[in-house]
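Reader: I would like a close look at a single part of this model. Please take one helix and follow its surroundings from there.

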Amino acid sequence: MLPKIAKLLLLMAAAAMVHAQDLTEEQRADIEARIAPVGTVCLQGENCGGLPLSSAPVAAAPAAASPAAPAAVAEASPTTGSSAGGAAAQTVASAPAIDGEAIYNQACLACHASGAGGAPVVGDAGSWAPRIAKGIDVLHSSGINGVAGTAMMAKGGRADLSDDQVIAAVNFMVDNSK
């Protein structure tokens, strides 16, 4: 008998194949390229490699971005200060805005363009209205943590995404689905 996650992945793949005929060859190739290197799955309730948004430390942006790291993502790390009690001081970064559309195209398009796994299709106001009515914080949480009982995995199965990147992608989808 297959483990629960394997069944879920098979169902998602089958749902994606049913709708795959609506994609261009270029879109299919892009999706295959993005899926190929995935080796980990971030399940609902797991930390997924990042701190919860409310407790994530904010740090100054590095002086020069590493060529291996995306320019729009600055790594957060606390800086120590000399305040009483040895508490860590935090500085606010003025990092460039995260491109929600780019994150959507990289991580969310496969399901949210085709409706695979029951995902609401971007631009379909009718399928998004009840979700939007729950509030943006609920949608952000669904993107970051997944939705129990559905095919929506935490961070869409992309554990490499930061909470801020997921939030930017969710905001893009909501803005384009009202």
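Author: Start with helix α5, residues 136-145, in this predicted model. Its buried residues are Leu139, His140, Gly143 and Ile144. Seen down the axis of α5, these buried residues fall within an arc of 130°, so they line one face of the helix. The spacing fits a general rule. An α-helix has 3.6 residues a turn, so residues three or four places apart point the same way.

What lies over that face? The cover of the buried residues of α5 includes α4 (125-133) and α6 (163-175). Just after α5 comes Gly146, with a positive phi of about 85°.

Now the core. The largest nonpolar core has 16 residues. Those with the most contacts inside it are Tyr104, Cys108, Val166, Val170, Met173 and Val174. Helices α3, α5 and α6 each supply at least two residues of this core. The largest share comes from α6, with seven residues.

Tyr104 deserves a stop. Tyr104 is buried, with a relative accessible area of 7%, so it falls under the 20% cut-off. Leaving out residues up to four places away in sequence, Tyr104 touches Leu109, His112, Ala113, Val122, Ala169, Phe172 and Met173.

One of these contacts, Phe172, is also a ring partner. The count of aromatic pairs comes to one. Tyr104 and Phe172 form that pair, and it is tilted. The centres are 5.3 Å apart, with 40° between the planes. The angle is neither under 30 degrees nor over 60, so the pair counts as tilted. Tyr104 lies in helix α3 (residues 100-112) and Phe172 in helix α6, so the pair ties together parts that are 68 residues apart in sequence. Phe172 is buried too, with a relative accessible area of 17%.

A further link starts from helix α2, residues 25-35, where Arg34 is found. Arg34 is partly exposed, with a relative accessible area of 23%. Arg34 touches Asn105, Gln106, Ala107 and Leu109, again not counting residues up to four places away in sequence. Take Ala107 from that list. Arg34 and Ala107 are 73 residues apart in sequence, yet 7.8 Å apart in space, C-alpha to C-alpha. Leu109 is touched by Arg34, and Leu109 is also touched by Tyr104.

To recap: α6 is part of the cover of the buried residues of α5, supplies seven residues of the largest nonpolar core and holds Phe172, the ring partner of Tyr104 in α3.

How values were computed: Residues numbered from 1 in each chain as written. Predicted model: local features only at pLDDT ≥ 70, side-chain atom pairs only at ≥ 80, totals over all residues. Heavy atoms only, no water. Buried < 20%, exposed > 50% of the residue type's maximum accessible area, 1.4 Å probe, protein only. Helix = DSSP H or I, 4+ residues; strand = E, 2+ residues; numbered from the N terminus. Arc of directions from axis to C-beta. Contact = heavy atoms within 4.5 Å. Phe/Tyr/Trp six-rings, centres within 6.5 Å; stacked < 30°, edge-to-face > 60°. Core = buried A, V, L, I, M, F, W, Y, C linked by side-chain atoms within 4.5 Å.
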